[in-house]
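Trainee: Could you take me slowly through one part of this structure, the place where aromatic rings come together?

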Amino acid sequence: MSAPDGPVGTERSLGQLVSTATSEMSALVHDEIALAKAQLRQDVKRGAIGGGAFAAAGAVLIFSLPMLSFALAYGIRTWSGWNMAICFVLSFAANVLVAGLLALIGVVFAKKAKKGKGPQKAAASAKETAAVLGNVKPHPRAVSPALPHTGATVDRVGEKAAAVARSSS
């Protein structure tokens, strides 16, 4: 809450109150927009990481298959002495396994980006703020009774203390 513009104990005019409320509402709307942008940026970043993992899986599958297949097949042949065709099939299976793991990483990040719901959170927060502000009622003010001009004095300090006590509760 902002501090009063004048000294403590002075009342602000209606124009000052409207000006303060307008500036605070403007700041609130700007903050809500900034929050939505930040959440959207985070969701886009997660989606980009997922897309990058999918691209990496494709690149691994395409570019590594020929070299890795030959190297792995000849290595299996040297180690086990099996037929060369079986060695190439095992080499291909290992490459598919690596691509599958990278694709799984891509799926995990894509699901996180989909679950993000950043703009929905900000919109819900803005709706909640609007609902709260729509239900605001003015603070009840004590009405001092009209006193006859008989010289009776009113304890102004007591009234102000009671008003402060009501407003702080």
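Mentor: What follows is a close look at the aromatic rings and the helices that carry them. This is a predicted model, in which local features need pLDDT of at least 70 and side-chain atom pairs count only at pLDDT 80 or more, while totals for chains, interfaces and linings use all residues. Residues are numbered from 1 along each chain as its sequence is written, and side-chain values use heavy atoms, with hydrogens and water left out.

The structure holds two aromatic pairs, where rings of Phe, Tyr and Trp (its six-membered ring) pair if their centres lie within 6.5 Å, and planes under 30 degrees apart count as stacked, over 60 as edge-to-face and the rest as tilted. In one of them, the ring centres of Phe70 and Phe88 are 5.3 Å apart with planes at 85°, so this pair is edge-to-face. Because Phe70 belongs to helix H1 and Phe88 to helix H2 (residues 84–115), the pair ties together parts 18 residues apart in sequence; helices here are DSSP runs of H or I, at least four residues, numbered from the N terminus. Tyr74 and Phe88 also form an edge-to-face pair, since their centres lie 6.3 Å apart and their planes meet at 75°. Tyr74 lies in H1 as well, so its pair with Phe88 in H2 joins parts 14 residues apart in sequence. Together, these ring pairs link Phe70, Tyr74 and Phe88 into a cluster.

As for exposure, Phe70 is partly exposed at 46% relative accessible area, as are Phe88 at 27% and Tyr74 at 48%, where buried means under 20%, exposed over 50% and partly exposed in between, with a 1.4 Å probe and protein chains only.

How values were computed. Helices (H or I, at least four residues) and strands (E, at least two) are DSSP runs, numbered from the N terminus.
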